[in-house]
Amino acid sequence: LSFCKRENLQTPVGITLTSTGDRLFVADLSYNRIMYYDSPSYLPGGSSPSASGVIGQENFVTCSNNTIQSPFGIGLDSNESLWVTSLYNATILRFSKYNNYNQVELVLNTSLFTESTYYGAGLYFDRFGNMYVSAVRKLLVYQNITTILSDPGPTRIIVPDGYYSSINPVIFGFDLDESYDTLYLADFYNNAILIMRNASMLNGSIVVGEVLGPNYFADFVQNFNATQDNLF
């Protein structure tokens, strides 16, 4: 960990901006921290500017996993509280803007992050304050999460089903088209994008009716074993 410094990142994954664009947050997975950069639009190009601050560590040169363990997905709610998926201790953490993100304000526990060798942990807030978090082959939905003071557990758990044979999806990135209430899920393991309509109504095991990637469902199922060496 000798390169754990203010100027360095190691395996940056999740990234998010404030609504005004005046602060950029980066999940620095291998160093167990969130780095942020103020006024990112004015950072000098072609250089390695120092971060303005660090979250989850006492300073820029410590990289312990006492607070955050392998952060992946990050997002800001309407109060600009920062939410972080901490993979290896199976938690979702909230840091409040009002204490300058100095300490964990709330912990949501979810063993769903550890169901597979591959972890998924995308994070998204819709305009109603609902938080969506990918957890391996499931999508967790927490309703009106911005005002809670204790862990309520997910309101809904969406489980994509029906388009593969024995190969379960591993969902990393995803996005929600709120105008058309449609989810787009990036299935890392099966090289596919899953499309799920009526997203606000989905709960439990849901048959996926549309997919981008494989030309045909039948070809995908029959030819998977012949092509699996090309997945990674």
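**Figure 1. Exposure of R127 and its salt bridge with E178 in the predicted model.** R127 counts as exposed, at a relative accessibility of 57%. Its side chain forms a salt bridge with that of E178, the N to O distance being 2.8 Å. The two residues belong to distant parts of the chain, 51 residues apart. R127 is found in the loop between β9 (123-125) and β10 (131-135), whereas E178 is found in the loop between β13 (171-177) and β14 (182-187). E178 is partly exposed, with 23% relative accessible area.

**Figure 2. Salt bridge between the side chains of R197 and E210.** An N to O distance of 2.8 Å separates the two side chains. R197 is located in the loop between β15 (192-196) and β16 (204-207), and E210 in strand β17 (residues 210-212), so the salt bridge ties together parts of the chain 13 residues apart in sequence. R197 is partly exposed, at 40% relative accessibility, and E210 is likewise partly exposed, with a relative accessible area of 31%.

**Figure 3. Salt bridge between R23 and D38, linking strands β2 and β3.** The side chains of R23 and D38 meet at 2.5 Å, N to O. Because R23 lies in strand β2 (residues 23-28) and D38 in strand β3 (residues 33-38), the pair joins parts that are 15 residues apart in sequence. R23 is buried, with a relative accessible area of 17%, which falls under the 20% cut-off. D38, by contrast, is partly exposed, at 31%. The structure holds 6 salt bridges, including this one between R23 and D38.

Conventions:
Residues are numbered from 1 along each chain as its sequence is written. This is a predicted model: local features need pLDDT of at least 70, side-chain atom pairs count only at pLDDT 80 or more; totals for chains, interfaces and linings use all residues. Side-chain values use heavy atoms; hydrogens and water are left out. A salt bridge is a side-chain nitrogen of Lys or Arg within 4 Å of a carboxyl oxygen of Asp or Glu. Helices (H or I, at least four residues) and strands (E, at least two) are DSSP runs, numbered from the N terminus. Buried means under 20% relative accessible area, exposed over 50%, partly exposed in between (1.4 Å probe, protein chains only).
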